[in-house]
Amino acid sequence: MEDHRGCIRSTPILAAVFAASVLAGPAFGQGAVPDISGTYWATQYNAKVQLVGGGDLPLTAKGKAAYEKNMASLKDGSLSDDARKFCTPDGPVRNLATPYPFEIFQAPPGQVTMLHELNHQIRVITLDKPLPKYEELVAFPYYNGHAFGRYESDTLVVQTAGFNEKTFLDATGAPHTDELITTERIRKISPTQLEIVVNVHDPDYYTRDWQARFVYTLRNDVRIEDYVCGEPHRDISSVAGVRRP
């Protein structure tokens, strides 16, 4: 695996984005915007999503059947985990469990941009606009959906919908439908820690809403690297829960 000495440097484009984030100022109708920009890296990885409060996924009968089918098909090879085989985006919730670093830019004005090293996923969060109706989003389904956010005090609240059904909610095959809506609350819990708590609403597959919590360490000493399927990547063995080769 490559170490951090081989990482790329900031480009003029990224420098311009950073400058724009400084100049962006408060969101419309809000006070001072909390500074959540930076590069973050998890210290813990779980292949199976961990619910806030513990317990198993609250699956409906239909959801349980879909989950069991996914797990069996992944095991026998009749279903491909394309996020790992072809580097397609991880999709909702699973993208938050990444054992690779990601970067948040509070820019350009009216937008927050999240750049994930794993599979080079880019999430664009449009600020201060309401979540469109399901019918408007389902016509253009994305792997990571369509995200709309607002600041509430020290927290960025992000609602996302309009997902395709090509992804799992975790590495074990936890299912979702295209009616899934996630609500993330993103905030600093210390000068060097970022917390994301995500609420999952998908009544066709789950009997109730459920939440998962992720905590990351600020790592502005790290730069996002290239990620290419089939090629060696950075050493992530320091992340607890990562399977060693």
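Let me begin with a term: a residue is called exposed when its relative accessible area is over 50%, buried when that area is under 20%, and partly exposed in between. With that in place, D221 at 53% relative accessibility counts as exposed. The model on the screen is a predicted one, and I will come back to D221 once we have been through the rest of the chain.

First, the general layout. The chain has four helices and nine strands. Reading from the N terminus, the order is α-β-α-α-β-β-β-α-β-β-β-β-β, so please keep that string in mind when I name elements, since helices and strands are numbered from the N terminus. There are 245 residues, and buried ones make up 44% of them. The chain exposes about 12,700 Å², with carbon and sulfur atoms supplying 55% of that area. As for contacts, take those between residues at least 6 apart in sequence: 60% of them join residues at least 24 apart.

Next, the backbone. Most residues other than glycine have a negative phi, and most peptide bonds are trans. Three places in this chain are worth a look with that in mind. One is the peptide bond from A107 to P108, which is cis, with omega near -5°. P108 sits in the loop between β2, residues 102-105, and β3, residues 111-116.

The next place is C87. This residue is not a glycine, yet has a positive phi of about 60°. C87 belongs to the loop between α3, residues 82-85, and β2. Its relative accessible area is 17%, so C87 falls under the 20% cut-off and counts as buried.

The remaining place is N119, again not a glycine, with a positive phi of about 65°. N119 is found in the loop between β3 and β4, the latter being residues 122-127. Is N119 buried or exposed? At 9% relative accessibility, N119 is buried. Leaving aside residues up to four places away in sequence, N119 touches A83, R84, C87, T88, D90 and Y227. Note C87 in that list: the two residues with positive phi that I have just described, C87 and N119, are in contact.

That brings me to the disulfide. The count for the chain is one. Which cysteine is joined to C87? The partner is C229, with an S to S distance of 1.9 Å. The link is right-handed, with 125° about the S-S bond. C87 lies in the loop between α3 and β2 and C229 in the segment after β9, residues 210-218, so the disulfide ties together parts that are 142 residues apart in sequence. On the C229 side, the relative accessible area is 31%, so that residue is partly exposed, whereas C87 is buried.

Now the salt bridges. How many are there in the chain? The count comes to 11, and I will show some of them. K62 and D204 meet through their side chains, at 3.1 Å from N to O. This pair links distant parts of the chain: K62 is in helix α2, residues 61-76, and D204 is in the loop between β8, residues 193-201, and β9, with their positions 142 residues apart. D204 is partly exposed, at 33% relative accessibility.

R150 and E152 form another salt bridge, with their closest N and O atoms 2.8 Å apart. Both ends are partly exposed: R150 has a relative accessibility of 34%, and E152 has 30%.

Finally, back to D221, as promised. D221 forms a salt bridge with R219, the closest N and O atoms being 2.8 Å apart. D221 is exposed at 53%, while R219 is partly exposed, with a relative accessible area of 24%. Elsewhere among the salt bridges, E117, E225 and R234 are joined into one network through shared partners.

To close, here are the items to look at in the model. Start at C87, with its positive phi and its disulfide to C229. Then look at N119, which touches C87, and at the cis bond from A107 to P108. Last, find the salt bridge of K62 and D204, which links distant parts of the chain.

How values were computed:
Residues are numbered from 1 along each chain as its sequence is written. This is a predicted model: local features need pLDDT of at least 70, side-chain atom pairs count only at pLDDT 80 or more; totals for chains, interfaces and linings use all residues. Side-chain values use heavy atoms; hydrogens and water are left out. Helices (H or I, at least four residues) and strands (E, at least two) are DSSP runs, numbered from the N terminus. Buried means under 20% relative accessible area, exposed over 50%, partly exposed in between (1.4 Å probe, protein chains only). Contact means heavy atoms within 4.5 Å. Accessible areas come from the Shrake-Rupley method with a 1.4 Å probe; for residues, only the protein chains shown count as cover. A disulfide is a pair of cysteine sulfur atoms within 2.5 Å. A salt bridge is a side-chain nitrogen of Lys or Arg within 4 Å of a carboxyl oxygen of Asp or Glu.
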